[in-house]
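Reader: Please take one part of this model and go through it closely. I would like the local geometry and the surface exposure, with the cut-offs stated.

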Amino acid sequence: MIKNYLLIAWRNLLKNKTFSIINITGLAIGLSCFLLIALYVLDELSFDKFNDKADRIYRINAALRFGGADLNFPLSSDMMGQVLKKDYPQVEDYTRIYNSNGSKLVKKGTEFITEYNVAHADSTLFNIFTLPAIEGDTKTALNEPNSVVITEKTANKYFGTSHAVGKTLETDDNTKTLYKVTAVIKDIPLNSHFNFDFFFSMKNVDYQWGQFTSHNFHTYLLLKKGTDYKAFEKNFDTYVDKYVIPEIKTFTQIKSMAEFKKAGNMLEYSLIPLTEIHLYSNRQYEFLPGGNIQYVYIFSAVAIFILIIACINFMNLTTARSSNRAREVGIRKVLGTVRKDLIKQFLIESVLMVVLSMVIAIGICYLVLPLFNSVADKTMTVRSLLSPIILPLLIGLPFVVGLLAGSYPAFFLSAFKPIEVLKGKLKLGKSGSLRSVLVVVQFTTSIMLIIGTIVIYRQLHYIQTRDIGFNKDQVLIVNNVYTLNNNAVPFKQEILKMAGVKSGTLSGYLPVSSSSRSDNVFSKSPVMDSKNGFDMQNWRIDYDYLQTFGMQLAKGRNFSKEYGSDSGAVIINETAAQILGYKDPIGQKIYRSGDAPGQEISYNIIGVVKNFNYESLKQTVGPLGLFLHSSSGFASFKVNAAYVPEILKHVESTWKAMAPGLPLKYRFLDDSFNEMYTGEQRIGKIILIFSVLAILIACLGLFGLSTFIAEQRTKEIGVRKVLGASVQGIVQLLSKEFMILVAVAFIIATPVAWWGMSKWLTNFVYRINIEWWMFALAGVLALSIALATTSFQAIKAALMNPVKSLRTE
């Protein structure tokens, strides 16, 4: 019996090739989109779950507000982990990771390689995280200074083998430091919130240990089984009172946390589960750019919408064809076929079509996955389709979608009364109404995606063109200039001699997030208290910094070699000036704690620089102080674009002459600026791709539907033409119904899209306004696409010879 059902189903597919191709193509595209998005979503949700103890690992986060400046970071003091373990039995273990330096030079042969995936860590790291060893004992691997644990790929890179224990690596630490490889671990999975290749001993960190108020370490706690981390967080208030406040008292007049909070300030610690870091934490100083749970929700919704659109196409086209099969149903019922068998027949046809679509969809996934990976910045493989979560989807989806998409046609067709069918009295009014509803749902979804795409790209354009307070174009950045030591200044002076180089500066601080940051607490008076203190970024720059980056002064002057006292001066930004509250801050002083109580250091304010966005536009501009001090992390040069090739050649030759064996790394500031928004750019591209595909699927269904309606009304069209109807009038007649449905979809989609995109834009402090023309453009695009899709068949029908039309049965 099943064989007979399948044979009939196959014959029906071949008999109606146009409808079969449209149905299978639409379903295949919809299913492939669904599978690709499912792979993406599951990859995002899988971060850090490879750790065996993932459900008990938590990272300490800190939130600080002092004097109006807000800081949210994943850092804590070097002491916090150990005192929490000592004071609270719920803490089974802790570990710290330190990577303030950002990179190291590691020697291979006679040349050094710049390695960015480096950190210092405690040996307890390997007790908490699942980082299996290939060679060596990770439990004690980092106990001694000058020891390092490396990944398998790093061992092969430097030694040509994974068996590297006992070998040494030379770095640029303190001019030259040799580290002994004490263990080799497997490469860290890509779905981890850190991707270090080197773990150096924490005992090699040059740091003033034992502080509770300096936050520079990523600290992770391993809580004992059964511990409620939310309940444990309540202990942080006690920790602050016991350890932090006593240290604060040594350099301020702040007596208690209650007094601190009463002045509008805040110091709070919290825990975030390890598996939530990637999607829920987007703080300063994260190891890697994180994901966003909102995007996971958005893509999940898009995947479901696209699948629904594909199912709607199937239901629409199948119910539309029902009149062509009505006589078949009537005859089969007269011959004794019961309704149950008819339902089985139609459901099997539906499932067969979805199975064929699934096979094609898997083929599409195989072909486009490399392209999708490049757009989404993923490394997913076709083997991911065989994961324990995806494989059941591959097996179950054809049946679920087949039964879902085929249920209405099956029950609708099988319910035909044979007498009415054979007499030609069959009425299809209800199915026509349902088709209208389904078309509205399709285009509501499509219009929402179009509006979302427009808003995302407008926001990205706004980011690129907004006045950010400095000139990011034609600024060449040379990295790791500190390795030149005494040659840093001569290097700058040599490059400045070149034609096309307008100015240059040496500083480790750049107005983009991928550079050094340093904050400290300052006050308006020598003695700091809860009311006059504030936290502020403090950057060390030289005389040419403002000129090179095109920053403008609102008041006062720049640093000048004519003033010997400028070594004790500061230029603040407008935010810092606002916090200080002076009518004219020029000539006023700010103070910072010295090395001991009573040794406060004062700085004379000589200028106020206009606010510039030195972090992402998702964040407000915080208080910033610029201090005249040597800092040679980067050499930055304002250049003329026409001279760039010659300048780069001279930079390379000068570097080789001054730093033989050291790698030269350079970039342009606008590239670093764009990197801050790669996540949004990536999401915009993905949304655009799937929006186009969703519209394509909807248009396939609309094309099939318009083809069917044109066929059904062939005789009517012939009569109208004989009576004098024009081609234009007939096209309007056939297209009018669909245009009304698209208009209804637009009315429904507009408020929903406005709500969703307004919520997305709240991620940005600086954002566009959603304007009426964005909705109008989406509506016009949807109407134009629908009209173009339906007009093809309408014009074809209108141009048909009326004699042939009137002969059509």
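Author: What follows covers two loop residues, a helix pair and a surface patch. The model is predicted, so local features need pLDDT of at least 70 and side-chain atom pairs count only at pLDDT 80 or more, while totals for chains, interfaces and linings use all residues. Residues are numbered from 1 along each chain as its sequence is written, and side-chain values use heavy atoms, with hydrogens and water left out.

Gln-474 sits in the loop between helix H15 (429-465) and strand S14 (475-478); helices (H or I, at least four residues) and strands (E, at least two) are DSSP runs, numbered from the N terminus. Gln-474 is not a glycine, yet its phi is positive, about 55°. With a relative accessible area of 36%, Gln-474 is partly exposed (buried is under 20%, exposed over 50%, partly exposed in between; 1.4 Å probe, protein chains only). Asn-480, in the loop between S14 and H16, also has a positive phi, near 55°, and is not a glycine. Asn-480 counts as buried because its relative accessibility is 7%.

Helix H16 (residues 488-496) and helix H19 (residues 644-658) have axes that come within 10 Å and cross at roughly 150°, where axes are lines fitted to C-alpha atoms, for helices over the stretch in contact, and angles run from 0 to 180 degrees between N-to-C directions. H16 is therefore roughly antiparallel to H19, a term for angles over 145 degrees.

Elsewhere, Phe-399 lies in helix H13 (residues 390-414). Phe-399 counts as partly exposed because its relative accessibility is 46%.

Conventions
Parallel < 35°, antiparallel > 145°, perpendicular 65-115°, else oblique.
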